[in-house]
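Here is a short note for whoever takes up this entry next. Please read the points below with the structure open.

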Amino acid sequence: MTEPQTPADIVREERAQLDFSRDMTYGDYLHLDALLTAQHPLSPEHNEMLFIVQHQTSELWMKLMLHELRAAIDNVANDRLAPAFKMLARVSRIMDQLVHAWDVLATMTPPEYSALRPYLARSSGFQSFQYRQIEFLLGNKNAAMLKPHAHRPDLQAQVQAAFEAPSLYDESLRLLARHGIPVPATATQRDWTQPYRADPGVELAWLTVYRDSERYWDLYQLGEKLTDLEDAFRQWRFRHVTTVERVIGFKRGTGGTGGVSYLRKMLDVVLFPEIWTLRTSL
């Protein structure tokens, strides 16, 4: 009877490299020394590490989301829809990750959060410069949201650029027009710094696509990618507000907003309105 292999036997058999004195390691490639020493709790509370890691990992996912969103917008603007679809699908899956991240934070009870909250001072996720760029690239433009970054010209420049650029939906409507779909000029030639307003003419344009999906298959697919993305974004917003209500109730947010009341208002913001209203007309 053959003796089972030990872990050491398996490592030897697989010829795993064990000496990294001259080669780049996993930790080197990922700069784990910097990443894993970036957590600096300010309180003596055990639960602050959860709070910090939750928000740092969310910012990493948002960095990837911005990377994908910008590339997707550029591809839509240049009629390269196949790679744009892959990128938009990835953004939706990133949103899924962010939705489930709230499950971990929800394990923090109100007394646990109350114990560390004074140490946060006025800092708040409301001030995330990456999240603000995501909002702007998705079309939720608001000039007031530039102000929290005015003390950091380098960050404000990034947020300002996203604020002034056409959003994903703006470029999608311009794409429809380039493909011969009648889209009102007010939707394709406008001030990109203004929030998008629903237009019956734009709904008719999307209805043209959806009623003849075989003819306009790529545009139809784009419409569904936008639907997936906003669906995922709505779920993130909903999970956000329910987690905040569970942990802090109706206290005001550390950033000065009404907390839950503010987040509930954000649930009503629709990014791609005609993509949703057209379904009633089909």
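Which residue lies over the face of Trp 276, and at what distance from the ring centre?

1. Arg 234 is the residue placed over the face of Trp 276, 4.1 Å from the ring centre. This comes, like everything below, from a predicted model. A second arginine is placed in a comparable way: the charged end of Arg 132 sits over the ring of Phe 126, at 5.6 Å from its centre.

2. Arg 132 is also in contact with His 149. The histidine belongs to the loop that runs between helix 7 (129-137) and helix 8 (153-164). Setting aside neighbours within four places in sequence, the other contacts of His 149 are Gln 127, Ser 128, Phe 129, Gln 156 and Val 159. Because its relative accessible area is 2%, under the 20% limit, His 149 is buried.

3. Helix 7 packs against helix 4 at an angle of about 30°, and the two axes are 9 Å apart. Angles under 35 degrees count as roughly parallel, so helix 4 and helix 7 are roughly parallel to each other. The crossing of helix 4 past helix 7 is left-handed. On the helix 4 side the meeting residues are Glu 59, Met 62, Lys 63, Met 65, Leu 66, Leu 69, Arg 70 and Ile 73; on the helix 7 side they are Gln 130, Tyr 131, Gln 133, Ile 134 and Leu 137.

4. Tyr 131 appears again among the aromatic residues, where ring pairs link it with Trp 102, Phe 233 and Trp 236 into a cluster.

5. The structure holds 10 aromatic pairs. In one of them, the rings of Phe 51 and Tyr 113 have centres 5.8 Å apart and planes at 40°, so the pair is tilted. The pair links distant parts of the chain, with Phe 51 in helix 4 (residues 48-77) and Tyr 113 in helix 6 (residues 110-116), 62 residues apart. Phe 51 counts as buried at 16% relative accessibility, and Tyr 113 is buried too, at 9%.

6. Trp 217 and Tyr 220 form another tilted pair, with ring centres 5.4 Å apart and planes at 45°. Both are in helix 12 (residues 217-248), and because they are three residues apart there, about one helical turn separates them. Trp 217 is partly exposed, with a relative accessible area of 44%. Tyr 220, at 21%, also counts as partly exposed, since buried means under 20%.

Terms used:
Residues numbered from 1 in each chain as written. Predicted model: local features only at pLDDT ≥ 70, side-chain atom pairs only at ≥ 80, totals over all residues. Heavy atoms only, no water. Helix = DSSP H or I, 4+ residues; strand = E, 2+ residues; numbered from the N terminus. Buried < 20%, exposed > 50% of the residue type's maximum accessible area, 1.4 Å probe, protein only. Contact = heavy atoms within 4.5 Å. Phe/Tyr/Trp six-rings, centres within 6.5 Å; stacked < 30°, edge-to-face > 60°. Lys NZ or Arg CZ within 6 Å of the ring centre and 35° of its normal. Axes fitted to C-alpha atoms, helices over the stretch in contact; angles between N-to-C directions. Parallel < 35°, antiparallel > 145°, perpendicular 65-115°, else oblique. Left-handed = near helix turned anticlockwise from the far one by under 90°.
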